[in-house]
Amino acid sequence: MLSLAQARALQLSAQGLLQPPRRRARRDEVVAAVGRMRLLQIDTIHVVARSPYLVLHSRLGDYPAVWLDEALAQGRLAECWAHEACFVSAADIAWHRGGHDHRTHHWAHRNAARMHREQRADMDALLQAIRVSGPVRAADFARRDTASKPGWWEWKPEKRWLEAWFALGELMVARRDNFQRVYDLAENVLARLDPPFDSAAAPSAAERRQRFIVDSVRALGVTQAAWIADYFRLKPKVSDRELLPLVASGELLAVPVQGWPTPGYVHRDHADALDKALAGRLRATRTALLSPFDPLVWDRVRLLAMFDFEYTLECYTPAPKRRYGYFVLPILHRGRLVGRLDAKAHRGTGVFEVKALFLEPGVSPEPALAQAVAGAIAETARWHGTPEIQLGRVQPVALARLLRAAWRDAG
């Protein structure tokens, strides 16, 4: 039986978060990390760093963020709707296409289909214009209502139409310019993928579902059946009964986990890691700041059960009602989530502002923990190009003194 701590270590191992990088990151490791996670969620909030870059930083350490943009432009990665809008390996894109029948339940597809029904003439005209004139950005279209407020809820019509065609699969993202999507016909983007897209590959709905189930278990390291569907937004939910044939074939391994009412499932690729976990030889030594959209974090039910960490993203909550802050980053330390940090990167002045930092109840501000957390903050700040750290509110207060001492000694 796996203890909960061993299960955590196995999940961190599968996600690439068990130990610090052993060497400086290499370009190919960006694509490899996305392949390991199976997908990389996209979000545009950049008060610290946009989420996909931050997720990679927590795994790769100091790497040039432009490597992600280059991998997309080179066709080694592609964008599609999966968990949400995500980067996926070019090798996996065939599983995310094929009539989009498997995405009809997703809110993005439903909204796009409704928009096309209601605004068909305008959407069809835009698509035809791209066929004639080539790739476009939303910024290529002038805003008609200059009084409109910025934000996704006030997108200009062309932006909404481009996003709808992206959700419906007629358009794909050829590259990003300053993180702005450059849309092109899907056939053109697919033709440039590496490895090449096989247009003859047309998996059935049943084959896709099984593939996404297996990929979810592989990415999560160990998981309950109830947590599997969220990874790729599958419907209906996955049950233990549905997994029986995969266990019988040996593709999945069923293992009891202490305190779990149902079995844990492990992909056979992680059999060696499972043995090490059971023997207590998977040692979690990584300390890192995590994105709110990290695969380790995004399923709040799984997060609470695995790490006893209750988390809510408060950037959409009115400021007076926020408990911890606008864009709060969970703090991973040696296999546990020990705290949370609200930060802002002031790139113009080179300042990394820690607005607030909170340790979890029961976590003591020991010198070793403070040293590791200080190092993780400094590592992230340097990577941002904001090496000057400005420390705000800290709970418990004793931790602030230890953090400042660690930065002073380091520097």
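This briefing walks through some backbone details and one sheet of the structure above. The model is predicted, so treat every value here as computed from that prediction. Two cis peptide bonds come up, one from Asp194 to Pro195 and one joining Lys235 and Pro236. After those come two residues with positive phi, Arg38 and Phe179, and then an open sheet of five strands.

**Cis peptide bonds**

- Start at Asp194: the bond leading from Asp194 to Pro195 is cis, and its omega is near 10°.
- To find Pro195 in the 3D view, look in the loop that runs between α8 (186-191) and α9 (205-220).
- Next, move along to Lys235, which is joined to Pro236 by a cis peptide bond with omega of about 0°.
- Pro236 also has a loop as its setting, this one between α10 (228-232) and α11 (240-249).

**Positive phi outside glycine**

- Arg38 is a residue other than glycine, yet its phi is positive, near 75°.
- You can locate Arg38 in the loop between α2 (28-37) and β1 (40-41).
- Is Arg38 buried or exposed? Its relative accessibility is 13%, and because buried means under 20%, Arg38 counts as buried.
- Phe179 is likewise not a glycine and has a positive phi, near 70°.
- The loop that holds Phe179 links up with strands at its ends, lying between β4 (171-177) and β5 (180-185).
- With a relative accessible area of 9%, Phe179 is buried, because that value falls under the 20% cut-off.

**The five-strand sheet**

- Follow the strands across this open sheet and you meet them in the order β8-β9-β10-β11-β12, with mixed pairing.
- Which strands sit at the edges? They are β8 (287-289) and β12 (388-395), each of which pairs on one side only.
- From one strand to the next, the twist averages 25°.
- Inside the sheet, β9 (residues 328-333) and β10 (residues 336-346) are antiparallel partners, paired over six bridges.
- For a single spot to look at in that pair, find Ile331, which stands opposite Gly339 in β10.

**A helix on the sheet**

- Helix α14 (residues 367-384) packs on this sheet and touches β8, β9, β10, β11 (351-359) and β12.
- How is α14 directed relative to β11? The direction of α14 makes about 150° with that of β11.

Definitions and conventions:
Residues numbered from 1 in each chain as written. Predicted model: local features only at pLDDT ≥ 70, side-chain atom pairs only at ≥ 80, totals over all residues. Heavy atoms only, no water. Helix = DSSP H or I, 4+ residues; strand = E, 2+ residues; numbered from the N terminus. Buried < 20%, exposed > 50% of the residue type's maximum accessible area, 1.4 Å probe, protein only. Pairing = 2+ DSSP bridges. Axes fitted to C-alpha atoms, helices over the stretch in contact; angles between N-to-C directions. Contact = heavy atoms within 4.5 Å.
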